[in-house]
Amino acid sequence: MSCTITAAEFKEHFDRGQFPYSEDLPDIRDKDIDNAISEALAVFNCDLYPVDPEAVDPDHICKLALNYLTAHFLTSDIEGGDSGGASKYNVASHSADGISESFSIPDWMNQGEFAMFATTYYGQKYLMLSKPYLDGAVYTVGGATLP
C-alpha cells in the first residue's frame, strides 16, 4: 500500500489557523509543506495502517497519521529556523521567578526512537494515532504437538 498527501490536502486538514499559509515569507509556503511531506515519507511506514476498502477514502487512517507527522516536521523546521538551528529537547519541568511548571509525557513516547516525535504537539498526535498499530498482541493457545 502507498499513501501520500499533497500540500492542498495538508492545508485542508489544518484549516483552523494552525499554520499561516501564503507564498510570502514568513508564512508557510507550499514548498515548505512539500519539503515536510518528503521528510515525513522518509521515516513513515504506510503499511502499518489498516485499509478499509469499503470506505470513501480507504487510506484515511494512514493519511491522518501522515498529516500529523508532516505537521511535526513542518513545526520542527519553523522552530529550527526561529532558533537559529538550536536543538529542542523534551522538557520534564522548568521554573522561573518562583513559578514552576511540569509536563508529563508517557514514558513510551519519551524513550528510544519515539522521543524525537514527542517534541511537538503534532508528533505526539502522530504517535497516539500510530500506537495501536505499533503494539503487537501475543496469545497463548493450549495444546500439544506430536513428536
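I'll start with the disulfide. In this predicted model, the torsion about the S-S bond of Cys-3 and Cys-62 is about -75°, so the disulfide is left-handed. The two sulfurs sit 2.0 Å apart. As for where the bond falls in the chain, Cys-3 belongs to the segment before H1 and Cys-62 to helix H3, with the two positions 59 residues apart, so to speak: the pair links distant parts of the chain. Both ends are buried: Cys-3 has a relative accessible area of 3%, and Cys-62 comes out at 0%.

How many disulfides does a search of the whole structure find? One. Cys-46 is in no disulfide. The nearest cysteine sulfur to that of Cys-46 belongs to Cys-62, and the distance is 5.2 Å. The cut-off for a disulfide is 2.5 Å between sulfurs, so Cys-46 is not counted as bonded. Cys-46 is buried as well, at 15% relative accessibility.

Next, the aromatic rings. The structure holds 12 aromatic pairs. I'll take two of them, and Phe-14 is in both. With Tyr-68, the ring centres of Phe-14 are 5.5 Å apart and the planes stand at 90°, so this pair is edge-to-face. Phe-14 is in the loop between H1 and H2, while Tyr-68 is in helix H3, so the pair ties together parts that are 54 residues apart in sequence. Phe-14 is buried at 2% relative accessibility, and Tyr-68 is buried at 11%.

The second pair is Phe-14 with Tyr-122, again edge-to-face, at 5.5 Å centre to centre and with 85° between the planes. Here the partner of Phe-14 lies in helix H5, 108 residues apart in sequence. Tyr-122 is buried, as Phe-14 is.

These rings belong to a wider set. Which residues do ring pairs link into a cluster? They are Phe-10, Phe-14, Phe-19, Tyr-21, Tyr-68, Tyr-121 and Tyr-122.

That brings me to the nonpolar core. In soluble globular proteins, nonpolar side chains tend to be buried together. The largest nonpolar core in this model has 29 residues, and the members that touch the most others are Phe-10, Phe-19, Phe-44 and Tyr-126. Four helices each supply at least two residues of the core: H1 (7–13), H2 (30–43), H3 (60–82) and H5 (121–134). Which of them gives the most? H3 does, with nine residues.

Tyr-126 is worth a look on screen. Leaving out residues up to four places away in sequence, Tyr-126 touches Phe-44, Tyr-49, Ala-65, Tyr-68, Leu-69 and Phe-117. Tyr-68 on that list is the ring that pairs edge-to-face with Phe-14.

Now helix H2. H2 has 14 residues and reaches 21 Å from first C-alpha to last, close to the 20 Å expected at 1.5 Å a residue. Its buried residues are Asp-32, Ile-33, Ala-36, Ile-37 and Ala-40. Why do I speak of one face here? Seen down the axis of H2, the buried residues fall within an arc of 135°, so they line one face of the helix. On the other side of H2, Lys-31 and Ala-42 are exposed. The cover over the buried residues of H2 includes H1 and H3.

Two polar residues to finish. The first is Asn-67, in helix H3. Asn-67 is buried, with a relative accessible area of 6%. Again setting aside residues up to four places away in sequence, the contacts of Asn-67 are Ile-5, Glu-9, Phe-10, His-13 and Phe-14. Two of these names have come up before: Phe-10 and Phe-14 are both in the ring cluster.

The second is Thr-120, in the loop between helix H4 (107–110) and H5. Is Thr-120 buried or exposed? Buried, at 4% relative accessibility. With the same sequence neighbours left out, namely those up to four places away, Thr-120 touches His-72, Thr-75, Ser-76 and Glu-79.

Note on methods: Residues are numbered from 1 along each chain as its sequence is written. This is a predicted model: local features need pLDDT of at least 70, side-chain atom pairs count only at pLDDT 80 or more; totals for chains, interfaces and linings use all residues. Side-chain values use heavy atoms; hydrogens and water are left out. A nonpolar core is a set of buried Ala, Val, Leu, Ile, Met, Phe, Trp, Tyr and Cys residues joined through side-chain atoms within 4.5 Å. Buried means under 20% relative accessible area, exposed over 50%, partly exposed in between (1.4 Å probe, protein chains only). Contact means heavy atoms within 4.5 Å. The expected span of a helix is 1.5 Å times one less than its number of residues. The arc is that of the directions from the helix axis to the C-beta atoms. Rings of Phe, Tyr and Trp (its six-membered ring) pair if their centres lie within 6.5 Å; planes under 30 degrees apart count as stacked, over 60 as edge-to-face and the rest as tilted.
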